[in-house]
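The exercises that follow concern charge pairing and ligand surroundings in one protein model. Please work through each task before reading its solution.

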Amino acid sequence: MPIPRTADIVVAGSGIVGLALAWRLARSGFKIVALDAGPAGGKISAATFAWINGTSKTENEAYHRLNRAGVDAYEKLARQIGAAAIGLAGNGSLHWAGPENPRLLDRMRDQGQILRRWGYAADPVDAPAMRRLAPGLAVPDGAEGLFASLDRWIAVPRLLDWLKAQLAERGAILRENCAIKAVERSPNGEIRAAITAEGVIPCKHLVIAAGTATPDIVQMATGRGGFPVEELAGLLVETPAVPVASGFDMVLWSPDEAGFHLRLTSGSGLLLGADDIDAQIRADASEASLASGRAALIERALGWMPELRKVDLGRGASHRIGRRAIPADGHSILGPLKDTPGAYVAVTHSGVTLALAIAELLAEEITTGTAPAALSPFRPERFGF
Ligand SMILES: Cc1cc2nc3c(=O)[nH]c(=O)nc-3n(C[C@H](O)[C@H](O)[C@H](O)COP(=O)(O)OP(=O)(O)OC[C@H]3O[C@@H](n4cnc5c(N)ncnc54)[C@H](O)[C@@H]3O)c2cc1C
């Protein structure tokens with residue numbers, strides 16, 4: 001198929017953030033061309049834990065509220081078309097710690113207080129309640145937990161398939177294996193065209209949602225390097241289907257430095273990760289380090305769910321390494337690039353939680369020319385872009 005001759009908006013990058021933006025902008029009536037350097041579906045978005053939550057964001061209220069908007073956007077869409085259609089699953093998340101960890105218990109209580117003050121459901125729960133909420137979890141007597149009933153997880157490929165189908169239905173064009181190579185601007189800096197190896201696509205707007213490659217495309221659009229996004233690798237282990245206790249579908253997260261986390265997958269297996277193992281493989285990416293990281297994750301899962309010792313949990317398990325795009329201050333960078341009228345950027349960590357909210361807010365800005373207040377703390381201009 002020949003390269004499209006024109007577009008209102010070219011979206012550079014078709015991971016979860018780019019596809020959600022393309023869908024939302026197509027819904028507003030724009031003629032959209034979404035590009036991806038590889039297959040659509042993203043790089044980071046193909047290796048993510050995909051916990052949809054506002055629970056882990058307590059250090060900054062505006063960022064928590066942005067994430068909350070993401071959580072709410074999924075619930076709204078699920079009410080309209082059904083959770084299964086987009087792969088939305090899970091019935092909350094649970095942080096928990098045993099009585100031997102008073103410091104962690106204090107930290108968790110503080111986290112709960114902050115979340116409740118901000119109106120996010122985060123209830124303290126005791127050991128018997130946790131055993132009911134997460135059947136199969138070995139909770140010691142005296143343990144305390146924090147239950148966040150709004151949190152979910154999502155089967156990202158299912159959501160992406162739904163978004164792609166929506167794009168096709170609305171006449172938007174998705175071009176895979178078609179990287180942006182350069183950006184053409186008018187003498188006064190306005191976006192004129194996206195240039196690919198297959199041809200030039202004249203456009204009025206360029207939305208850059210290219211994950212870890214965002215700085216490269218920002219440089220093409222603005223001529224300026226140093227856009228502040230870093231890569232941070234993380235390891236995930238996925239097991240084949242396992243016989244978890246009936247009724248278990250909770251995201252579990254340890255509140256300590258290890259940050260071990262676990263959830264079901266759409267294939268009825270477990271997905272495992274941990275902050276300390278991520279740090280280990282960043283420091284040492286050798287096969288031996290990966291193998292020990294994998295083994296540690298499996299062992300921790302067995303510690304939490306001892307019933308699974310009946311099966312060989314590590315057998316047939318696979319692993320993947322994802323590379324998060326982390327803005328310099330940890331928070332999303334969303335909005336227009338200065339001195340480059342028509343160019344917008346959308347790069348973030350927690351992009352699974354945030355994709356639908358970012359799409360909604362940026363589409364409003366591009367459509368009306370006025371930025372919603374929720375975006376003001378997250379503008380590229382805070383980094384001079
Ligand atoms: C291990 C791990 C665990 C995570 N856990 C969570 C979690 O629990 N909850 C959560 O909310 N988030 C989580 N995240 C973060 C989340 O997955 C990401 O924020 C999100 O997937 C980013 O999506 P994206 O569309 O911005 O980037 P990507 O998915 O990387 O998509 C960007 C796309 O841009 C394309 N591209 C690059 N260069 C070009 C070019 N020149 N032209 C055209 N296209 C180009 C790439 O090919 C890619 O497909 C996790 C991430 C990792 C790595």
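**Exercise 1.** Find how many salt bridges the model holds, and examine the pair Asp8 and Lys204.

Solution. With a salt bridge defined as a side-chain nitrogen of Lys or Arg within 4 Å of a carboxyl oxygen of Asp or Glu, the count comes to 19 salt bridges. The model is a predicted one, in which local features need pLDDT of at least 70 and side-chain atom pairs count only at pLDDT 80 or more, while totals for chains, interfaces and linings use all residues. Residues are numbered from 1 along each chain as its sequence is written, and side-chain values use heavy atoms, with hydrogens and water left out. Next, Asp8 and Lys204 form one such bridge, their closest N and O atoms being 3.3 Å apart. This pair links distant parts of the chain, since Asp8 belongs to strand 1 (residues 7-12) and Lys204 to strand 12 (residues 199-208), 196 residues apart; helices (H or I, at least four residues) and strands (E, at least two) are DSSP runs, numbered from the N terminus. Finally, Lys204 has 54% relative accessibility and therefore counts as exposed, where buried means under 20% relative accessible area, exposed over 50%, and partly exposed in between (1.4 Å probe, protein chains only).

**Exercise 2.** Determine where Lys164 and Asp161 lie, and whether Lys164 is buried, partly exposed or exposed.

Solution. Both residues lie in helix 6 (residues 156-169), 3 residues apart, which is about one turn of the helix. Lys164 forms a salt bridge with Asp161, with 3.8 Å between the closest N and O atoms. At 26% relative accessibility Lys164 counts as partly exposed, and Asp161, with a relative accessible area of 48%, is partly exposed as well.

**Exercise 3.** Establish which domains give residues to the shell around the ligand, and describe that shell by residue class.

Solution. Domain 1 (7-47 + 156-228 + 328-383) and domain 2 (90-151 + 233-324) both contribute to the shell, so the ligand lies between them; the domain bounds come from an automatic or database domain assignment. By class, the shell has 16 nonpolar, 14 polar and 4 charged residues, where Ala, Val, Leu, Ile, Met, Phe, Trp, Tyr, Cys and Pro count as nonpolar, Asp, Glu, Lys and Arg as charged, and the others, Gly among them, as polar. Helix 1 (16-27), strand 17 (318-327) and helix 10 (351-368) each supply at least two residues of the shell.
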